[in-house]
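This report looks at a protein with a bound ligand, taking the ligand site, the internal cavities and the cysteines in turn. Please keep the sequence and the coordinates at hand while reading.

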Amino acid sequence: MSQYHIKSLEEYFQVYHKSVRQPETFWEEIAEENFVWKKRWDSVLDWNFEKHEIKWFDGAQLNITENCLDRHLATRGNKTAIIFEPNDPSEPSEHITYRELHRRVCQFANVLKDQGIKRGDRVCIYLPMIPQLAVAMLACARIGAVHSVVFAGFSANALAERINDCECKIVVTSDGSFRGNKTLNLKAIVDEALETCPTVASVLVVKRTKEEVNMKEERDFWLLPLLDAAYKDCDPEIMGAEDPLFILYTSGSTGLPKGMLHTTAGYMVYTAYTFKNVFQYQENDVYWCTADIGWITGHSYLIYGPLANGATTVMYEGIPSYPDWSRFWHIVEKHKVSQFYTAPTAIRALAKENISFVEEFDLSSLKVLGSVGEPLNEEAWHWYNDIIGKGKRPIVDTWFQTETGGIMISPIPFVTPTIPTFATLPIPGIQPCLMNDEGNEIKGNPAEGRLCIKFPWPSMARSIWGNHERFKETYFSLFENKYFTGDGALRDNTGYYRITGRVDDVIIVSGHNLGTAPIEDAINEHPAVAESAVVGFPHEIKGNALYGFVILKETGETRDHDNLRKEINQIITERIGPIAKLEKIQFTIGLPKTRSGKIMRRILRKIANNDSSDLGDISTLLNPEVVEEIIEHSKV
Ligand code: WT7
């Protein structure tokens with residue numbers, strides 16, 4: 001039996017129990033048998049839940065790119081590492097072998113060095129889904145620089161905020177990006193962002209759309225000539241196990257986005273381990289994750305997890321609806337995809353379209369179907385199972401977070417019996433628990449409460465960049481000695497978990513994690529707006545959509561409300577990005593507040609949900625009379 005690769009339910013339970021009884025032995029054996037190290041660790045795990053310092057494999061030395069690239073060269077040099085599928089189906093796809101990827105990463109690493117980038121420096125990557133994005137990340141890891149990938153759908157302002165927070169020295173971007181039949185001028189967005197980013201000394205620009213861009217002398221460089229001039233060899237920098245690998249920003253319920261800090265060895269071990277088990281990857285499989293690399297799913301399950309296992313991973317530049325809604329199935333057929341991993345929002349959108357988009361294609365290569373990012377509702381589960389899986393492929397509903405680094409609760413396909421809407425059982429090494437409002441663990445089944453994790457796991461975020469206090473406060477202060485996820489969950493009689501959704505002010509829209517506070521800040525920038533509150537409400541395709549309650553400064557405001565709505569959404573697009581636009585905007589004379597002045601979002605949520613029958617006790621409100629008024633106007 002191999003603990004690295006679980007093949008039966010009996011094995012799963014054996015391995016799981018060992019991971020709880022002897023966590024250090026368990027992870028030590030996995031680390032020893034499946035990776036290459038420059039120096040062995042001194043201790044497997046050191047943790048202090050009081051200071052919230054967590055160290056895995058401390059004292060070990062390694063380079064993650066040696067594990068993802070160099071070690072495969074002898075046996076898999078000519079194997080395809082990345083299949084690039086461009087936005088435009090008439091453009092040929094590209095097969096990049098492990099040898100070729102290794103060479104490209106080394107050259108890119110040398111370009112970074114020539115630009116003065118050293119171990120520990122932060123590099124912002126703002127690129128579309130093209131191979132250079134993967135190469136840039138791995139090049140950072142090669143030389144020990146810390147990458148901070150920013151999703152190339154974020155606005156100039158959001159980009160600047162992220163660059164400044166971790167003081168990036170350099171930005172890697174492209175002239176533009178293709179998305180369906182649109183192009184977006186990324187370089188212009190970077191130029192605008194850099195007006196307020198004093199730490200950035202240079203910008204490397206990939207040519208993709210070939211549109212006209214401004215190149216600032218001595219700051220901006222086309223990447224290609226630099227790559228051509230760079231050496232093809234670059235020794236991997238020897239890193240400590242706990243040296244930072246990357247920062248990835250995620251929204252909090254308040255304040256600036258949180259720069260989640262992930263370190264090297266534990267992240268590598270855990271993402272590789274979960275990739276192998278959750279997708280049951282076999283040597284000649286072709287694996288495709290549709291997530292953008294700008295999110296944690298892309299980091300862990302498009303790049304690091306697959307490459308550490310020597311897998312072939314598909315990278316798709318475009319969107320599911322271009323040139324039409326058959327594109328995903330066309331790609332599955334074309335590359336004979338074995339494992340397909342996507343988000344519920346995509347599944348729901350695809351399910352709404354004509355079934356002929358699916359039926360035209362041969363999907364017989366598929367073995368495992370995955371879902372991530374938000375709850376996979378029953379209807380979408382059945383469509384995925386019946387229409388795509390033909391009732392024969394296991395669906396893995398995988399739960400995790402930017403903070404957890406890797407998949408935490410998920411079926412293991414062909415091993416764990418699945419039930420719609422359940423993420424089922426924890427991965428070995430993960431000890432989930434449910435907590436009640438009094439702060440006690442709910443033992444026994446069934447149970448429902450707040451989802452926490454009671455023991456450290458190798459890929460957990462180590463801190464929030466530059467703000468360890470906030471890290472402690474956000475994740476470890478609510479329940480003593482436990483990591484709090486922000487999600488609610490229930491556990492059924494068999495011990496299976498179902499994730500029910502966020503219990504804080506984070507709203508998941510189309511799988512994107514959005515905090516309400518920054519959106520409200522953007523709305524409040526409109527000169528006519530006095531105050532606002534944003535809540536989520538169920539949406540057929542997006543899972544949730546945003547509903548804004550807005551108080552105008554002048555109650556007798558005579559301006560056209562539809563125009564105001566457009567202007568407000570325009571500001572949100574500029575400050576955050578189009579993903580944060582409000583689906584509905586209701587102008588109101590007041591917002592329900594507690595006596596301490598806190599907005600009662602619970603009430604607004606119910607109204608936005610069209611469910612104002614039972615609002616609970618509102619007599620303690622400062623202004624109970626506004627509630628009637630808001631309900632009245634929500635109906636028009
Ligand atoms: C939040 C984390 C994890 C990668 C993408 C999102 C929600 C994630 C599931 C799932 C129900 C899920 C949770 C979580 N979520 N996966 N399988 N079922 N909800 O990463 O942006 O950090 O968001 O996504 O609410 O807390 P993220």
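The paragraphs below describe a predicted model, beginning with the ligand.

**Ligand surroundings**

There are 17 residues around the ligand, and of these D397, T398, T402, D487 and R502 come nearest. Polar contacts to the ligand involve both backbone and side-chain atoms of the protein, and three such pairs are set out in the table.

| Residue | Protein atom | Ligand atom | Distance |
|---|---|---|---|
| E374 | backbone N or O | nitrogen | 3.3 Å |
| T402 | side-chain N or O | oxygen | 2.5 Å |
| R502 | polar side-chain atom | oxygen | 2.8 Å |

On its own the ligand has 550 Å² of accessible area, and the protein covers 96% of that area. T402 and R502, whose side chains each lie opposite an oxygen atom of the ligand in the table, also belong to the group of residues that come nearest to the ligand.

**Internal cavities**

Counting those of 30 Å³ or more, the model contains four cavities, and the largest of them has a volume of about 50 Å³. Its lining is made up of N63, I64, A141, G144, A145, M239, P244, L245 and T264. Sorted by class, this lining comprises six nonpolar and three polar residues, while charged residues are absent from it.

**Cysteines**

What is the number of disulfides that the structure holds? The structure holds zero disulfides. For C68, the nearest cysteine sulfur is that of C106, at a distance of 13 Å, and C68 counts as buried because its relative accessibility is 0%. In the case of C124, the nearest cysteine sulfur belongs to C168 and is 4.9 Å away, whereas a disulfide requires two cysteine sulfur atoms within 2.5 Å, so C124 is in no disulfide. C124 likewise has a relative accessibility of 0%, and therefore counts as buried.

Key:
Residues are numbered from 1 along each chain as its sequence is written. This is a predicted model: local features need pLDDT of at least 70, side-chain atom pairs count only at pLDDT 80 or more; totals for chains, interfaces and linings use all residues. Side-chain values use heavy atoms; hydrogens and water are left out. On a 1 Å grid over the protein atoms alone, a cavity is a set of points where a 1.4 Å probe fits but cannot get out, and a pocket is an open set with protein on both sides within 12 Å along at least five of seven lines; lining residues have an atom within 4 Å of a point. Grid points are joined across faces, edges and corners, and a volume is the space filled by probe spheres set on the points. Ala, Val, Leu, Ile, Met, Phe, Trp, Tyr, Cys and Pro count as nonpolar, Asp, Glu, Lys and Arg as charged, and the others, Gly among them, as polar. Buried means under 20% relative accessible area, exposed over 50%, partly exposed in between (1.4 Å probe, protein chains only). A residue is near a molecule or strand if one of its heavy atoms lies within 4 Å of it. A polar contact is a pair of N or O atoms within 3.5 Å; within protein, one must be able to donate a hydrogen and the other to accept it, and residues adjacent in sequence count only if both atoms are side-chain atoms. Accessible areas come from the Shrake-Rupley method with a 1.4 Å probe; for residues, only the protein chains shown count as cover.
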